[in-house]
Amino acid sequence: MNAPATSEHLRPADAAITRAENLHAWKMIRTLVGFDTTSRESNLALIDWVRAYLEDFDVESTLTFDDDRRKANLFATLPARDGNVVSNGIVLSGHTDVVPVDGQPWDTPPFEATAIGDKVYGRGVTDMKSFSATGLAFVPEFLRRGLARPLHFALSYDEEVGCIGVHRLIADIGKRGLKPAGCIVGEPTGMQLVVAHKGKMSWRCRVRGHEAHSSLTPKGVNAVQIACEIVAYIARRAREFRDHGHKEPTYDVPFTTVHVGTIKGGTALNIVPRDCQFDFEIRHLPFDDPRAFFRDVETFAQTFIAGMHAVAPGTYVAFDHMSTLPFMDTDDRSEIAKIGHGCNHGSGVGRVSYGTEAALFYNASIPTVICGPGHIDQAHQPNEWCEVSQLAECETFMRRLADRVCIGA
Ligand SMILES: [Zn+2]
């Protein structure tokens with residue numbers, strides 16, 4: 001990564017800063033990146049700032065809070081010129097939270113958007129404050145030109161820790177009877193239009209065995225070994241999906257994947273281990289059923305139970321469901337896909353393996369696409385960066401969107 005070596009480079013005289021400063025949304029990007037909205041922190045300072053900004057244009061915001069009222073989603077509507085705020089609107093959506101910077105070697109202050117060369121550095125410049133900032137910076141333009149249909153802004157909390165906040169935002173859209181026609185989520189796609197992504201489910205498996213001295217293994221139940229047999233079964237299923245499963249070649253990884261991410265068990269070599277647990281996930285194409293895969297794993301695990309109980313009745317294999325994120329599969333020929341194609345540079349349609357909260361809008365019957373500046377592999381890194389040219393493309397996208405949703409020039 002071409003990270004700057006020292007903060008010496010951060011002088012305002014740097015020619016590249018001038019280029020970033022030429023961005024219409026530069027001030028807004030700097031403002032939003034300036035709030036430390038790491039998922040564990042409150043995001044209310046950012047939300048309050050955006051609410052006050054929109055209020056200056058007489059645009060009301062609706063906030064939906066988490067249980068502790070430390071975090072909020074913001075939903076705001078720029079009305080159509082005929083007063084319509086309810087139907088046929090387009091949602092511009094982004095999450096406000098960012099991943100932690102703890103322990104990462106940053107060369108610039110992470111909560112400051114810093115332009116160096118042809119890049120802007122800062123936590124969230126790619127994932128994903130720049131898209132929301134660019135949309136917000138265009139509010140005066142949307143209003144000046146007058147909207148033919150409502151334009152909604154949706155800012156959520158706690159996306160990075162499992163798409164938690166947006167559920168309440170989407171429920172509130174339904175409760176208030178709003179019927180948006182489509183949604184654009186600005187996760188980093190390099191400004192490519194993404195219409196589909198895989199779904200994901202994850203589980204924890206807990207194996208309870210029976211301790212014994214390791215010289216007396218038949219008197220114990222080895223939790224680590226049983227867990228590893230189940231892990232090996234999952235690995236075999238992964239190979240089956242890869243070699244014999246249904247493929248969808250338009251995805252970056254064209255088959256369903258399953259994987260074990262963590263495992264821990266045992267205390268000492270001379271003790272037959274009592275406990276072992278591991279976490280696993282499936283990232284599935286729309287036509288593969290994650291629950292059927294899980295049932296197979298459960299059925300396989302069951303085959304050990306009789307043998308375990310024969311040695312010690314208190315032994316078991318238990319599974320905890322950890323998370324579910326549905327897939328998204330928006331029709332390529334839908335209106336929102338056409339709008340997206342019209343607004344980006346129109347090059348192709350992407351299908352990706354990572355999940356986003358776009359799937360939750362999609363599952364609430366709001367046709368949804370993903371298109372945002374920067375690339376996913378620049379996200380979550382130290383020295384997270386976004387090319388100025390990507391930010392400029394995002395502005396072009398908003399201008400073209402205005403051409404499509406506004407009445408006047
Ligand atoms: Zn994101």
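Tutor: A polar contact is a pair of N or O atoms within 3.5 Å; within protein, one must be able to donate a hydrogen and the other to accept it, and residues adjacent in sequence count only if both atoms are side-chain atoms. Now the case here. This is a predicted model: local features need pLDDT of at least 70, side-chain atom pairs count only at pLDDT 80 or more, and totals for chains, interfaces and linings use all residues. Residues are numbered from 1 along each chain as its sequence is written, and side-chain values use heavy atoms, without hydrogens and water.

Student: Which backbone nitrogen lies 2.9 Å from a polar atom of the side chain of Glu-395?

Tutor: That of His-24. The side chain of Glu-395 also reaches the backbone nitrogen of Ala-25, at 2.7 Å.

Student: Where is Glu-395 found?

Tutor: In helix α12, residues 388–405. Helices (H or I, at least four residues) and strands (E, at least two) are DSSP runs, numbered from the N terminus.

Student: What does Glu-395 touch?

Tutor: Contact means heavy atoms within 4.5 Å. Not counting residues up to four places away in sequence, Glu-395 touches Leu-23, His-24, Ala-25, Thr-134 and Phe-138.

Student: Is Glu-395 buried or exposed?

Tutor: Buried (under 20% relative accessible area; exposed is over 50%, partly exposed in between; 1.4 Å probe, protein chains only). Yet Glu-395 has no salt bridge (a side-chain nitrogen of Lys or Arg within 4 Å of a carboxyl oxygen of Asp or Glu). Arg-399, the nearest side chain of opposite charge, is 4.2 Å away. Lys and Arg count as positive, Asp and Glu as negative; His and the chain ends are not counted.

Student: Which residues hold the protein donors of the zinc ion?

Tutor: Donors are N, O and S atoms within 2.8 Å of the metal (3.2 Å for Na, K and Ca); water is not among the atoms, so sites may look incomplete. Here they come from His-95 (NE2), Asp-127 (OD) and Glu-187 (OE, listed twice), lying 1.8 to 2.4 Å from the ion. Their spacing in sequence is H-x31-D-x59-E. His-95 sits in strand β3 (residues 90–95), while Asp-127 is in the loop between β5 (119–121) and α4 (129–137). These two are 32 residues apart, and the pair links distant parts of the chain. Both His-95 and Asp-127 are buried.

Student: How is Tyr-362 placed?

Tutor: Tyr-362 belongs to helix α11, residues 358–363. Its relative accessible area is 25%, so Tyr-362 is partly exposed. Thr-330 lies 32 residues away in sequence, but 7.4 Å away in space, C-alpha to C-alpha.

Student: How many helices and strands are in the protein chain?

Tutor: Twelve helices and 18 strands. Of its 409 residues, 51% are buried.
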